[in-house]
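Q: Please take a close look at the largest cavity in this structure and at the helix packing that goes with it. What lines the cavity, and how do the helices meet?

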Amino acid sequence: MSKSGLTADSLAAQIGVDPKTAAKWANPGRIPQTRHRSKVAEVLGRDEGELWPDLYKRREPAWFRPWTDIEREAVGLRYYESAVIPGLLQTEAYARAVLSSGLWADDDLEAHVETRLRRQADVFDRPRPPLSVFVIDEAALRRGRPDIMAAQLDHLIALAERPAVMIHVLPLTAGFHPGQAGPFVIASTPDGGDVGYLDDQAAGRLTNEVAPLWAVWDSVRSLALPRDLTIDLMRARAWMT
């Protein structure tokens, strides 16, 4: 901060935090929280990657990296999720709650949260983002602490109104359906091909055998609510939380 002519007090005043918090950011390894980071970089007149290079090192598990490479370059994404909100749609608080309840509840939790948020930026903040279609089982909208879910539902509604993002809820009234076998993603690649991704308790795997996934996708997509009714349902759920 000294090179920029700012003090902890002046930086804190511009960001809206306590001076003690701003002072900690001057120490090696101390990185502002996600909601403050872009503003700090703007005030200092620096790039986020220049200020915090360690933040942009790849921290996702090695087995997950092939998928994030595909996801980052995909021209189309189709996500089906039955239990939780898909990672690309999660708020920071929701992501932290989900990751802390599973295998990632360790010292690297914050790194995994950062990775998940960075994936969102890699997909949605491109100059030409891919058409991303999500089918989410209604059960996922009902699971979670009310304070976290209220913000998460508001976030979903905002994303659902973007031109390149389509969110559809598969209502509980649909009963049993083929998607109950588990979540999956179909990515359409720039060369015109498709790659599937399936997740399980231990790891995920890629597959080029996507015909069965397309069949399940067509089924769950046909049972899901249209875009406007999905937004109405999410607004109703947000009002109830």
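A: In this predicted model, the largest cavity contains about 30 Å³ of space. The structure holds one cavity of 30 Å³ or more. The residues that line the largest cavity are T68, E71, R72, R119, D122 and V123. Sorted by class, this lining consists of four charged residues, one polar residue and one nonpolar residue. Two helices, α5 (65-73) and α7 (109-124), each contribute at least two residues to the lining.

The packing of these two helices may be considered next. In general, a pair of packed helices is described by the angle between the axes and the distance between them. For α5 and α7, the angle is about 30° and the axes are 8 Å apart. On the α5 side, the residues in contact are W67, T68, E71 and R72, and on the α7 side they are R119, D122 and V123. This contact comprises two nonpolar, one polar and four charged residues.

Two further helix pairs, which have helix α9 in common, can be described in the same terms. Helix α9 (residues 146-160) and helix α11 (residues 227-240) have axes that come within 9 Å and cross at roughly 160°. An angle over 145° counts as roughly antiparallel, and α9 is therefore roughly antiparallel to α11. The crossing of these two helices, α9 and α11, is left-handed. From α9, the residues L153, D154, L156, I157 and A160 take part in the contact, and they meet R227, I231, M234, R235, R237 and A238 of α11. By class, the contact of α9 with α11 has seven nonpolar and four charged residues, with no polar ones.

The other partner of α9 is helix α6 (residues 92-100), and the axes of α6 and α9 come within 8 Å, crossing at roughly 130°. The helices α6 and α9 are therefore oblique to each other. Their crossing, that of α6 and α9, is also described as left-handed. Here A93, Y94 and A97 of α6 meet I148, M149 and Q152 of α9. The contact of α6 with α9 has five nonpolar residues and one polar residue, and no charged residues.

To return to the cavity, T68, E71, R72, R119, D122 and V123 appear in its lining, and these residues also appear in the contact between α5 and α7.

How values were computed
Residues numbered from 1 in each chain as written. Predicted model: local features only at pLDDT ≥ 70, side-chain atom pairs only at ≥ 80, totals over all residues. Heavy atoms only, no water. 1 Å grid on protein atoms, 1.4 Å probe; cavity = no way out; pocket = protein on both sides within 12 Å on 5 of 7 lines; lining within 4 Å. Points joined across faces, edges and corners; volume = space filled by probe spheres on them. Helix = DSSP H or I, 4+ residues; strand = E, 2+ residues; numbered from the N terminus. Nonpolar A, V, L, I, M, F, W, Y, C, P; charged D, E, K, R; others polar. Axes fitted to C-alpha atoms, helices over the stretch in contact; angles between N-to-C directions. Parallel < 35°, antiparallel > 145°, perpendicular 65-115°, else oblique. Left-handed = near helix turned anticlockwise from the far one by under 90°. Contact = heavy atoms within 4.5 Å.
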